[in-house]
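Reader: I'd like a close look at one part of this model, the helix packing and the core around it. Please take me through it slowly and spell out the cut-offs as you go.

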Amino acid sequence: MNTTASTVTPISENPKQPQQRQTAKDIIAANVKSLIEQLEAGHSDALTAYLDAMGRFHNYSFGNILEIARQRPTATRVAGLYAWNQLGRKVKKGEKGIRILAPIVGIKRKKDEEAQKDITKQNTRVLVGFRNAYVFDVEQTEGAELPTMREMSGSVGDNRDRLVSFIEAQGIELSFSQKIAPALGMSYGGKIAILPGQSEAGEFSTLVHELAHEMLHKAERRTTTTKVVRETEAEAIAFVIGKAVGLETGTASADYINLYHGNASLLIESLEVIQQTSGVILAALQPPTAAEAEMPDAELAKVA
């Protein structure tokens, strides 16, 4: 039987349990609206909480990070029921799941005549849309002790070396100079200068801040940003990375209000830039292990 057109058949839907369809854009818009309401009510620490979540869940999509941070700000490690069961843990009775978006994957079926030409390309897996899925924080579970979590809580020295290697791999020239005092660091477009004599934690934070400037300089922006916003974004990235590697960063939540001056679009863009840039740097500091790449929730986390 010949078909006249390619068709797509969802393979992840359960017709007995219809899900409310939402797009990643819907999720982001709803969470940013909630965040703006908190900021305008004077709760600037709400933005700090979102930045903190970026460091803990940098393998998740921007939309799902916002969802996790809003629903359970204290979450440190999340996974689905299956993943927790595989680790020998069970979700405690009565615990409410954290809703995120999971991909609906379908099969794109080609015309018979096309399939006959290349049997290896008869059917192709494609992203059809998204559905609601639920994950749980480790504190909502009980059972076997967990293996060491993927945290970069080692010495700053180790992370510093990996950071410097990443900077050099980007073709950025790194130097140390007293001449830039009283500035702790400066970036010149392809060059970074750091003031020597800083503490290990301070120097690491300065390196991330100036690297962020270099990466943000190359990024294509939808809107024109001010120097204050660019500085705040760089400092926010340093905050995210610092929290992820276990540094005492402080909150500085009042400063992050500079990312929002009544401009919702700019806030969304800034948060996306911070999340994406932080994710690239964190991946360079500690790439995921082969075992983590095979976790059932890994694909779900990255797509939405």
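Author: Let's start with the vocabulary: a helix here is a DSSP run of H or I at least four residues long, a strand is a run of E of at least two, and both are numbered from the N terminus. This is a predicted model, so local features need pLDDT of at least 70 and side-chain atom pairs count only at pLDDT 80 or more, while totals for chains, interfaces and linings use all residues. Residues are numbered from 1 along each chain as its sequence is written, and side-chain values use heavy atoms, with hydrogens and water left out.

Now zoom in on alanine 212, which sits in helix 7. Its relative accessibility is 0%, so alanine 212 counts as buried (buried is under 20% relative accessible area, exposed is over 50%, and partly exposed is in between, using a 1.4 Å probe and protein chains only). Contact, from here on, means heavy atoms within 4.5 Å. If you skip residues up to four places away in sequence, alanine 212 touches Ala234 and Ile237. The pairing with alanine 234 spans 22 residues along the chain, and the two C-alpha atoms are 5.3 Å apart.

Step back a bit and you see the two helices themselves. Helix 7 (residues 200-218) and helix 8 have axes that come within 8 Å and cross at roughly 130° (axes are lines fitted to C-alpha atoms, for helices over the stretch in contact, and angles run from 0 to 180 degrees between N-to-C directions). That angle is why helix 7 is oblique to helix 8; under 35 degrees would be roughly parallel, over 145 roughly antiparallel, 65 to 115 roughly perpendicular, and the rest is oblique. Helix 7 passes helix 8 in a right-handed crossing, that is, the near helix is turned clockwise from the far one by less than a right angle, whereas anticlockwise would make the crossing left-handed.

Who meets whom? From helix 7 come Phe204, Ser205, Val208, His209, Ala212, His213 and Leu216, and they face Arg230, Glu231, Glu233, Ala234, Glu235, Ile237, Ala238 and Ile241 of helix 8. Sorted by class, that contact has eight nonpolar, three polar and four charged residues (Ala, Val, Leu, Ile, Met, Phe, Trp, Tyr, Cys and Pro count as nonpolar, Asp, Glu, Lys and Arg as charged, and the others, Gly among them, as polar).

Some of these names come back in the core. A nonpolar core is a set of buried Ala, Val, Leu, Ile, Met, Phe, Trp, Tyr and Cys residues joined through side-chain atoms within 4.5 Å. The largest one has 61 residues, and the members touching the most others are Leu51, Leu163, Phe204, Ile241, Leu267 and Ile281. Helix 8 (residues 227-244) gives the most to this core, with nine residues. There's also a second, separate core of five residues, with Ala79, Ala83, Trp84 and Phe136 among them.

Follow leucine 51 and you stay with helix 8 for a while: leaving aside neighbours within four places in sequence, leucine 51 is in contact with Ala236, Phe239, Val240, Tyr256, Leu271 and Ile274.

Leu271 turns up again where helix 1 and helix 10 meet. There, Ile28, Val32, Leu35, Ile36 and Leu39 of helix 1 are in contact with Ala264, Leu267, Ile268, Leu271 and Glu272 of helix 10. By class, that gives nine nonpolar, no polar and one charged residues. The axes of helix 1 (residues 24-40) and helix 10 (residues 264-285) come within 11 Å and cross at roughly 110°, and the two helices are therefore roughly perpendicular to each other. This crossing is right-handed too.

Just past helix 8, glycine 246 lies in the loop to helix 9 (253-256). With a relative accessible area of 55%, glycine 246 is exposed. Its C-alpha atom is 8.8 Å from that of valine 156, which is 90 residues away along the chain.

For the wider setting, the protein comes to 12 helices and nine strands. Buried residues make up 42% of its 304 residues. Of the contacts with a separation of 6 or more, 72% join residues 24 or more positions apart.
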